[in-house]
Structure formats: structure tokens, C-alpha cells
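Please open the structure in your viewer and keep the selection tool at hand. The tour goes from stop to stop, saying what to select and what is there.

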Amino acid sequence: MSLVDRRTFLKASGVLAGAAALPAIPSVAGASTPTHPYFPRGGRFSRLYVIDDGDMNAQEAVLVGTLQGLVARDPSAAPVVPPGLPHIYVNTPNSTTDLWLTDLQQHYSIEVTPIHDPWELLAAYQPHGITGYILYDDDPSISVATTVAGLTDSVAVHSSLEAQATAAGLSKTADVRGKDDAWLTATYGSKLRRDFAIEQKPNFGVQLRDLTTMSRAQLFYDGNTAYRQSLVDSLDTDAPVIGWGDASQGEDKFVAMNSAAGTFMVAADWARNISTLSGVPTGSLRQQANQAPVRAEKGVHYVTFVVTDGDNVQWLLTSLQSTAAWWASPLRGTVPLGWGMAPSLLDVAPSAMRWYYQNASTGNNADEFVVGPSGSGYMYPSQYPAAKLQAHTARLDDYMRRADLGVVQILDFNALDKTNVWAAYTARQSVNGLIYLEYSRYDGQNGKIVWSHDKPVISARHMLWDGLSGADEASVTAAINAAPRDPSSANGYTLVAVHAWSKGISNIRTVTDKLDSDVRVVTPGAFTKLVAANVTH
């Protein structure tokens, strides 16, 4: 969920003022049969060619992105180049992208060779099978070219680069200039995988093009149209769509479309190097949030703060880590805090997920991760077909077990009392409870708690969000200090949703520094366990 998309929608709503088909990933056969991964993964590697994004123009970035995915393909998935060749990493020096590269070198002993010319990079693979190109022009044929490049083991070449491509020894595989998504479906429909799709605006460069060619998936962008509806309807049960849609009228337009079809969204349109990062081997991860078990005290009010938007893979891979308001804050580790985490990171960038776990604060002021909305990806559970929601939570349960996650954030519309929906989650062994956020105002349910399988579904009582009434630090502080001190009552607990795009740790500390001495701040995991053990229900 992006800052512009969510805030634009709320303002408009009056809430804010002013080739051969790739073998498919096995689908879920039943609610009790978790299957992973959701996402195609690249092959393992020990060496990287690294090119900086400043070494390429926009058209060359598209070429390199499509090349990157072909090179990264797992040997078991009809590889284009022989195993053992270096994979490709597109870097931005002195950025979070650079951090992940350094981590690959230090933690996984990956050898790095810089290359500063995209044509030199291409030449390194031509003797090994990269010989064809797909010719495209401007929108919308860039999406078609990226998809066809993956299906035909070719690279995408803009018409302005065709002379250079032919001079470099490439042969034209296809010309898709003037073609659109509908043409692609009509021409290549039988070869398009149905368990996974990628949605990306045509004006993006290298981002997600590598994932497209690696996975032989369809990359599309058609707005919230009948074509998009038909595409998501054609996907398999509980299939992910990774990228981002047309949020000009609110992100709920395309997320609701996905939800009704039983598919979910993974925000990742700005993410890079997924084909490479997904090739890092992974197993299970353990959180370091070892806050001592909390026993309920009489005469105490309990509070937890949870940062929103952890479903956002691009944020996890970019500015979350480096921004002083968030993870890079000098105040992190001075207050117990919950962060949303995308379970999909375990597949698409496991080294980054490991890094967050390894670098989390511990002890009484621990960083603790919870599942971002609303499970394995962003969707509205009350709109998901019931059987497909069972399939979703079965695989989510497996993700949560492997990633040591116990609490799930939910984002939905007036659905808190629909306990039949939450039963699909709470029946899962890894789920200790749910955090419910109302879509338009996260605190719209005023802290109400409902129960499912004897596990709590806890709504946000307050939120910190710049520009919204009652969501400023002073108002939230006053409300908490005036709240009942009774751990046996739902009113004895306050969950504060922290809007990631407008508030940070310093804002949380402004609240916690002025809380009364009989208010305790705990992690969301401890908070959920306190509610489950003490609230009369």
C-alpha cells in the first residue's frame, strides 16, 4: 500500500481533509494441504555480475532486467544458460540495494564482479544461449515484450536499441510493437501460467522484468478493466499477483477485484533483483523478540504499537531499512514495537528477511514481526471465497511456522463480527490471534474484541496518522491515560495502529514518554497472549 494511493483514496472519500509452458507450482489440493512456495524462485548462485542503475538508460534497463531473469532461472525450470554462470544484480550505490548486496558477500560468500556497460553484460551470456530479442516500442507493447521474452528465452529490446542489438549479434525473435495485453492472451494464452501473475505500470524500468522472464509469467497492466477482471478470474485458486495496480480511484478497486476472484496482491512494483535474491537458500527463521513473558497485573492498562503496511515487499526491500523515521531510527530498541512482515519475503528475498530478524532489537524493548495484511498477501478476507480462504490460510500456516510468526494483521471493511471468516485463520496452529484494522479508519471498531476458536480478534482502539482527527500524539496519549486499568476487560487493552507513511518511532515515543506509570507497553505477541489469557469471554 503506497502513501499516495492510500491517502488519495481517503481524501476522496472524505476521511482526510485537505514457449513450452513452465511446469506449474502445485496448487493447493485442499484446506489441510499447504504447498509452497507461492512464488517462482531463482536458481542458486555463487557469483554475481553487478551493474549500477546509473550505468544504463531507461531502455537499456529493460533489456538488462529481462536478461537478469533468464540468467537466474533455476536449472530445474528449463534454464537458458548453463548452471554455474554468474547471476546479475542491479545496484544503487549507498542505498538499501547496496546493503543487500553487501550482505550477500558477507553472509553467503558471494563473489562480485562489477560491469559498467550493459552491452558488455549481454556479451557475457551470448555464447551461452542468449541470442534472440523481442522488439517493442512504447506503451503498451513493453509489457507484451517482457512476457514474450520470458516465453521465448529472449531479451526485450526497444526500437531505439535495435541497431545496437543486431550489431551485438542478436536475432529478432518477434516484433510486438503495437500489441497489447489482449493480443498477448489471444496469441500466447495456452503458454501463460495461471498460478502467478505480475502487474506493473509500463513506465517502470528494470523492476519485476527479471521476475517475469525468470518465471515465464505474464506481466500486464490494463487498469481496472474487464480484461483485468477476466485475467484474475482465470488464475488458479489463491494465486498471487505481484506488483501494483491502478490506484487512481483507490487501491481497494483492484484489491477487491482480486479478493472476489480468490487471488491476492503483493505490493512490489518498485522491487528489484527478486530473480536473484529468491535464489538464496532458505530454511526456517526464528525471531529474536524474546521479551520476558508478561503476567497480567491488576490496576494496569496494556498497550501495543503496530506499524502498518508490512505487506509491502518493496518497502521492506527499500526505504524501511534506511529511513530514520523507521528501522534506522536511533530510537528503535527503546520501546516494544510491532512491525508488519510479508511472509512472501521468505521466498522472494530470504536473505533480506533473515537480515531483519538478525538485526531486530531484543529484550524488553524488542522489535517483533507480525504478518502484514491480510495473510500471505494483501486481500480482504470477507470478500475471499470461503473455500479459497481455507486454501490461503493453509499455506499461510506453513509460512508462519517457517518464519516464526504468530499474529496476523487483517485489513477489511466492516467485517470484525464475521467470526466465520476469522475461523479460517484461527483454526491454524501457528495463529495465536488477529489484529483487525478497518479500511477507512484503522480505529473504526474502537478496540472491540471478538473471539474465534478461543483466540482473540483485536481491533485497533487508536491510531497515529498525520492529519486525522484524534490520531495525533496528544489525543492518543490522553485517551490511553484515561482508559480503564482492568486486564480482565477488553477495555483494559489498547492497540495503536501506526500509519507507516506519516508516523515513525519518534511519534510513538512522544506518546510513550507521557504515559502514566500504570500503563505497560508490550509487543503485539505478548499483548495478544495477555488478552487471550485474561479477558473474560
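The model is predicted. Start with the sheet in which three strands pair in parallel, in the order 5-4-6; the sheet is open. Select its edge strands, strand 5 (155-158) and strand 6 (171-175), each of which pairs on one side only. With direction ignored, neighbouring strands of this sheet are turned by 40° against each other on average.

Now select strand 4, residues 132-136, together with strand 5. The two run parallel and are joined by four bridges. To see one of them, pick Tyr136, whose bridge partner in strand 5 is His158.

Stay with this sheet and add helix 2, residues 58-72. Helix 2 packs on the sheet and touches strand 4 and strand 5. Its direction makes about 170° with that of strand 5. Next add helix 5, residues 141-152, which lies across strand 4, strand 5 and strand 6. The angle between helix 5 and strand 4 is about 165°.

**A second sheet**

Which order do the strands take in the open sheet of four strands? The order is 8-7-9-10, and the pairing is again parallel. Select strand 8 (218-220) and strand 10 (264-267): these stand at the edges with a single partner strand each, so one side of each has no neighbour in the sheet. Neighbouring strands here are turned by 25° against each other on average, direction ignored.

Select strand 9, residues 240-243, next to strand 10. Four bridges join these parallel strands. One residue to label is Val241, which has Met265 of strand 10 as its bridge partner.

Then show helix 9, residues 226-234. Helix 9 lies across strand 7 (197-199), strand 8 and strand 10. Relative to strand 8, helix 9 runs at about 155°.

**Strand 13 and what follows**

Move on to strand 12, residues 337-341, and strand 13. These two strands run parallel, with five bridges joining them. Pick Trp339 and Phe369: Phe369 in strand 13 is the bridge partner of Trp339.

Is strand 13 enclosed or open to the outside? Five of its five residues are buried, so strand 13 is largely enclosed by the rest of the structure. In a regular strand the side chains alternate between the two faces of the sheet. Select Asp367, Phe369 and Val371 for one side of strand 13, then Glu368 and Val370 for the other; all are buried, and both faces are covered.

Follow the chain out of strand 13 (367-371) into the loop that leads to helix 16 (386-403), where Ser374 has its place. Zoom in on the peptide bond between Pro373 and Ser374, which is cis, with omega at about -15°.

**Two residues with positive phi**

Go on to Asp404, in the loop between helix 16 and strand 14 (407-412). Its phi is near 55°, a positive value in a residue other than glycine. The relative accessibility of Asp404 is 22%, so Asp404 counts as partly exposed; the buried class is kept for values under 20%.

Then select Asp454, in the loop between strand 16 (449-452) and strand 17 (455-459). Asp454 is not a glycine either, and its phi is positive, near 65°. Where does Asp454 stand in terms of exposure, with 57% relative accessibility? Asp454 counts as exposed, since exposed means over 50%.

**Tyr49 and its contacts**

Go back along the chain to Tyr49, which sits in strand 1, residues 47-52. Show what Tyr49 touches beyond four places away in sequence: Pro86, His87, Ile88, Tyr89, Thr113, Ile115, Leu121, Ala124 and Tyr125. For a distance to check in the viewer, take the C-alpha atoms of Tyr49 and Thr96: these residues are 47 apart along the chain, and the atoms are separated by 18 Å.

**The whole chain**

Finally, clear the selection and show the protein chain, which has 20 helices and 20 strands. Its radius of gyration is 23 Å, close to the 24 Å given by the globule rule for 537 residues, so the chain is as compact as a globular protein of that length. The C-alpha trace spans about 80 × 45 × 45 Å along its principal axes. Of the 537 residues, 60% count as buried. The accessible surface comes to about 18300 Å², and 49% of that belongs to carbon and sulfur atoms.

Notes:
Residues are numbered from 1 along each chain as its sequence is written. This is a predicted model: local features need pLDDT of at least 70, side-chain atom pairs count only at pLDDT 80 or more; totals for chains, interfaces and linings use all residues. Side-chain values use heavy atoms; hydrogens and water are left out. Two strands pair if DSSP finds at least two bridges between them. Axes are lines fitted to C-alpha atoms, for helices over the stretch in contact, and angles run from 0 to 180 degrees between N-to-C directions. Contact means heavy atoms within 4.5 Å. Buried means under 20% relative accessible area, exposed over 50%, partly exposed in between (1.4 Å probe, protein chains only). The radius of gyration is taken over C-alpha atoms; the globule rule is 2.2 Å times the number of residues to the power 0.38. Accessible areas come from the Shrake-Rupley method with a 1.4 Å probe; for residues, only the protein chains shown count as cover.
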